[in-house]
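Welcome, and thanks for taking a look at this protein with us. Please keep the sequence and the structure open as you read.

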Amino acid sequence: MPVNKKNYKQLIEELRLSEVTLVAVSKTKPVEDILELYNLGHRDFGENYVQELVEKAGKLPNDIRWHFIGHLQTNKVKFIIPFICLIHGVDSLKLLKEIDKQARKNRRVIDCLLQVHIAQEETKFGFDENELSGLEISEFENIKIKGLMGMASFTEDMNKVRAEFRHLKTLFEKLQTTYPQLHILSTGMSHDYKIAIEEGSNMVRIGSMIFGERNYQK
Ligand SMILES: *Cc1c(COP(=O)(O)O)cnc(C)c1O
């Protein structure tokens, strides 16, 4: 399925007005689709799987800013550290330590977002509120924590989604009083990005609206 340029252009216009960064989520999509968007001037792309990301990055222009948005396993950190721009889903102290270690080896300082568990669903990864407030954010020399990332419950109930985003924004602002360097709030996907922005998001991760539905069977 081709890239939906009409949706993309409308989205870019809409986001520009509210100064929100668009991460185009290209997981499962071919490099041709990514290039099509690249040729329209887009540079921020998000991927969920390490092997897929590494393969695609090797075939695409190196001024792309790659965002890792999936669940990152510690044993795979080393594969993305040489080139990753922002890791969104940092959800444990163990992972922070490994990113810090690999970043040092690569003489890089890696930008990260802490994933916070805001949905009621059991399956979602992330720190909870208590873990978050106990975290010493500036402790890692080779990591710059830039903000928070969250995913709302997968539900038709948009009031619930809104409440979860609002809760995360509250935590974000609370944390900012101690750590004013935090400035990225990454929330919102194709179906809930408008609500996310209304509730304070300044970075949205959008896939299917731009690239079409994903087919995992292919
Ligand atoms: C797949 C994915 C997205 C994009 O989802 P769409 O519904 O296709 O916009 C955003 N964030 C994360 C963490 C994802 O895994």
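This report walks through the nonpolar cores, one helix, the charged pairs, the cysteines and one serine of a predicted model.

**Cores**

Let us begin inside. The largest nonpolar core has 61 residues, and those with the most contacts inside it are Trp66, Ile87, Leu96, Ile99, Leu114, Leu148 and Ile210. Helix H7, covering residues 158–178, gives the most to this core, with 6 residues. Apart from that core lies another, of 6 residues, among them Leu113, Met149, Ile184 and Met203. As general background, nonpolar side chains in soluble globular proteins tend to be buried together.

Leucine 114 is a good place to stop and look around. Leaving aside its neighbours within four places in sequence, leucine 114 is in contact with His88, Val90, Leu96, Phe127, Leu132, Leu135, Ile137, Ile145, Gly147, Leu148 and Met149.

**Helix H5**

Helix H5 (residues 93–105) is next. Its 13 residues reach 19 Å from the first C-alpha to the last, close to the 18 Å expected at 1.5 Å a residue. Buried in H5 are Leu95, Leu96, Glu98, Ile99, Asp100, Gln102 and Ala103. What do these buried residues of H5 pack against? Their partners are helix H4 (77–80) and the strands E4 (86–90), E5 (110–116) and E6 (143–150). Just after H5, arginine 107 takes a positive phi of about 50 degrees.

**Charged pairs**

How many salt bridges does a search of the whole structure find? It finds 13. The table lists some of them.

| Salt bridge | Closest N to O distance |
|---|---|
| Arginine 43 – aspartate 63 | 3.1 Å |
| Glutamate 47 – lysine 56 | 2.8 Å |
| Lysine 56 – glutamate 52 | 2.7 Å |

Arginine 43 sits in the loop between helix H2 (31–38) and strand E2 (44–47), and aspartate 63 in the loop between helix H3 (50–59) and strand E3 (65–68), so their salt bridge ties together parts that are 20 residues apart in sequence. Arginine 43 is partly exposed, at 21% relative accessibility, and aspartate 63 is partly exposed too, at 37%.

Lysine 56 has a salt bridge with glutamate 47 and another with glutamate 52. Are lysine 56 and glutamate 52 buried or exposed? Both are buried, with lysine 56 at a relative accessible area of 7%. Glutamate 47 is buried as well, at 0%. Lysine 56 and glutamate 52 are separated by about one helical turn, because they are 4 residues apart in helix H3.

Elsewhere, Arg162, Arg166, Glu198 and Glu199 are linked in a network of salt bridges.

**Cysteines**

A search of the whole structure finds 0 disulfides. Why is there no bond from cysteine 85 to cysteine 112? The closest cysteine sulfur to that of cysteine 85 is in cysteine 112, and because the two are 11 Å apart, they are too far for a bond; a disulfide would need the sulfur atoms within 2.5 Å. Cysteine 85 is partly exposed, with 26% relative accessibility, whereas cysteine 112 is buried at 0%.

**Serine 201**

Our last stop is serine 201, in the loop between helix H8 (193–198) and strand E8 (203–206). Serine 201 counts as buried because its relative accessibility is 5%. A polar atom of the serine 201 side chain lies 3.4 Å from the backbone oxygen of leucine 185. Beyond its neighbours within four places in sequence, serine 201 is in contact with Val20, Leu185, Thr187 and Ala196.

Key. Residues are numbered from 1 along each chain as its sequence is written. This is a predicted model: local features need pLDDT of at least 70, side-chain atom pairs count only at pLDDT 80 or more; totals for chains, interfaces and linings use all residues. Side-chain values use heavy atoms; hydrogens and water are left out. Helices (H or I, at least four residues) and strands (E, at least two) are DSSP runs, numbered from the N terminus. Buried means under 20% relative accessible area, exposed over 50%, partly exposed in between (1.4 Å probe, protein chains only). A polar contact is a pair of N or O atoms within 3.5 Å; within protein, one must be able to donate a hydrogen and the other to accept it, and residues adjacent in sequence count only if both atoms are side-chain atoms. Contact means heavy atoms within 4.5 Å. A nonpolar core is a set of buried Ala, Val, Leu, Ile, Met, Phe, Trp, Tyr and Cys residues joined through side-chain atoms within 4.5 Å. The expected span of a helix is 1.5 Å times one less than its number of residues. A salt bridge is a side-chain nitrogen of Lys or Arg within 4 Å of a carboxyl oxygen of Asp or Glu.
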